[in-house]
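Reader: I would like a close look at a single part of this model, namely the paired strands and the crossovers between them, with the surroundings brought in where they help. Please take it step by step and keep the computed values in view.

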Amino acid sequence: MATPDETMADEDYTLTPEAPEFAFDPTDPWTQTFQRGLELAGLGGRRVYEVGIGTGINAAFMLRMCNAARVSGSDLDPRLVELAERNVRALVPEKIRQFKPVRGAVSLIDTEEARAEIAETDVVIACLPQVGDPDCDRFGAFREEMRVPLAAGADVRAEDHIAHYYPWAMFDDYPFNTVGLGLNEALLSRLVEQAPDCEVVMNFGCRIGTGILFEMFEAHGYKPEKLHSQMALQHAGTDISFFVTLERALKGTGMEGGFVCEFFADEAGKQPLSAIEAQARMDADPEAGIYHEVCVIKGVPAG
């Protein structure tokens with residue numbers, strides 16, 4: 001696991017975007033991990049498309065720090081594309097001609113304009129939700145069947161809700177949806193069809209283990225490589241009942257050993273916890289620090 005000091009000094013990360021509450025916090029460790037991985041992804045001189053462009057902080061980073069030839073991107077929340085353009089213009093004005101926002105509400109790459117951009121792209125990057133939406137009816141029924149309560153406050157819908165959760169039931173056609181990867185798998189599936197030569201670089205919380213993430217890439221014909229990872233504090237606003245429910249569903253089936261979530265009681269990652277144990281610690285002490293690995297995986301078409 002690389003440390004930040006092995007790649008780039010913190011003082012080099014000086015891009016500070018406008019970030020209203022409806023945008024994912026660009027100072028979050030997830031963003032820092034992602035940018036360390038992007039730095040190692042070999043983006044110099046290449047055309048990049050970001051699915052879920054958010055504040056545009058990654059676009060500005062790739063243009064300034066990675067020397068990407070061109071960055072385009074879209075988001076499900078159309079306000080974020082406008083925000084990203086303002087931030088790129090403010091942070092890297094000398095590179096604004098190399099930035100192409102795809103406007104409107106775009107789910108994954110499901111518009112004609114997005115698919116046209118992808119066809120001219122070398123690398124697609126994304127950091128997509130991996131947790132079922134607590135508001136999803138089918139997930140709610142599953143959770144109730146497993147007798148897993150929502151954590152206190154999990155039913156409060158934050159402004160950046162769609163940055164943390166996805167509508168789980170809508171992605172039931174994808175096998176890895178069972179472990180919270182349906183949205184990510186849907187993107188890989190579309191890229192295989194629309195841009196089979198594109199590399200992908202994706203940021204993940206490793207709460208289900210890196211092995212399963214690699215299996216998803218391999219199932220869609222990509223050779224996976226972990227570029228960077230670090231431990232991150234479990235986001236206090238993200239409900240983990242999804243992972244508790246998965247573990248409960250396997251109890252008594254004889255398959256418990258095949259799937260155990262990977263949380264930790266310490267930042268060094270020496271004291272592993274299952275999701276059930278992690279939730280119990282958080283219920284007993286809301287201030288208890290719970291950690292998990294965040295990693296960046298590059299997928300190269302295996303050919």
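Author: What follows starts at the strands, moves along the residues around them, and then turns to the cores and the aromatic rings. The model is a predicted one, and the values below should be read with that in mind.

The strands are best approached through E2, which spans residues 70-75 and is mostly covered, with five of its six residues buried. On one side, strand E1 (residues 47-51) pairs with E2 in the parallel sense, and five bridges join them; within this pairing, Tyr49 has Ser72 of E2 as its bridge partner. The connection between these two strands involves helix H2 (residues 57-64), and E1, H2 and E2 together form a right-handed β-α-β unit. E2 also pairs with strand E3 (residues 99-105), again in the parallel sense, over four bridges, and here Asp75 stands opposite Ala105 in E3. From E2 the chain crosses through H3 to E3, and this β-α-β crossover is right-handed too.

Two residues show how this part is packed. Arg70 lies in strand E2, and it counts as partly exposed because its relative accessibility is 29%, which lies between the 20% and 50% cut-offs. Setting aside neighbours within four places in sequence, Arg70 is in contact with Arg46, Arg47, Val48, Gln98, Lys100 and Glu117. As a gauge of distance across the model, the C-alpha atoms of Arg70 and Met231 are separated by 31 Å, with their positions 161 residues apart along the chain. Glu85, by contrast in its setting, belongs to helix H3 (residues 78-91), the helix through which the chain crosses from E2 to E3. Although its side chain is that of a glutamate, Glu85 counts as buried, because its relative accessibility is 17% and the cut-off for buried is under 20%. Not counting residues up to four places away in sequence, Glu85 touches Ile96, Phe99, Pro101 and Arg103.

The nonpolar cores give the wider setting. The largest nonpolar core has 57 residues, of which Val51, Leu181, Leu187, Phe204, Phe217, Phe243 and Phe263 touch the most other members. A second, separate core holds 28 residues, including Leu15, Leu38, Val71 and Ile96; the last of these is also one of the residues that Glu85 touches. In soluble globular proteins, nonpolar side chains tend to be buried together. Leu181 can serve as an example from the largest core, since beyond four places in sequence it is in contact with Gln130, Tyr166, Phe176, Phe204, Ile208, Ile212, Leu213 and Met216.

Another buried residue is Gly209, found in the loop between strand E5 (199-205) and helix H8 (210-219); its relative accessible area is 4%, so it counts as buried. The C-alpha atoms of Gly209 and Asp172 are separated by 21 Å, and the two residues are 37 apart along the chain.

The aromatic rings complete the picture, with ten aromatic pairs found in a search of the whole structure. In one of them, the rings of Phe242 and Phe243 have centres 5.6 Å apart and planes at 90 degrees, so this pair is edge-to-face, and both residues are buried. Ring pairs also link Phe139, Phe142, Trp168, Phe242, Phe243 and Phe263 into a cluster, and over the ring of Phe139 sits the charged end of Arg143, 4.9 Å from the ring centre.

Terms used
Residues numbered from 1 in each chain as written. Predicted model: local features only at pLDDT ≥ 70, side-chain atom pairs only at ≥ 80, totals over all residues. Heavy atoms only, no water. Core = buried A, V, L, I, M, F, W, Y, C linked by side-chain atoms within 4.5 Å. Buried < 20%, exposed > 50% of the residue type's maximum accessible area, 1.4 Å probe, protein only. Contact = heavy atoms within 4.5 Å. Pairing = 2+ DSSP bridges. Right-handed = clockwise from strand over helix to strand, strands pointing away. Phe/Tyr/Trp six-rings, centres within 6.5 Å; stacked < 30°, edge-to-face > 60°. Lys NZ or Arg CZ within 6 Å of the ring centre and 35° of its normal.
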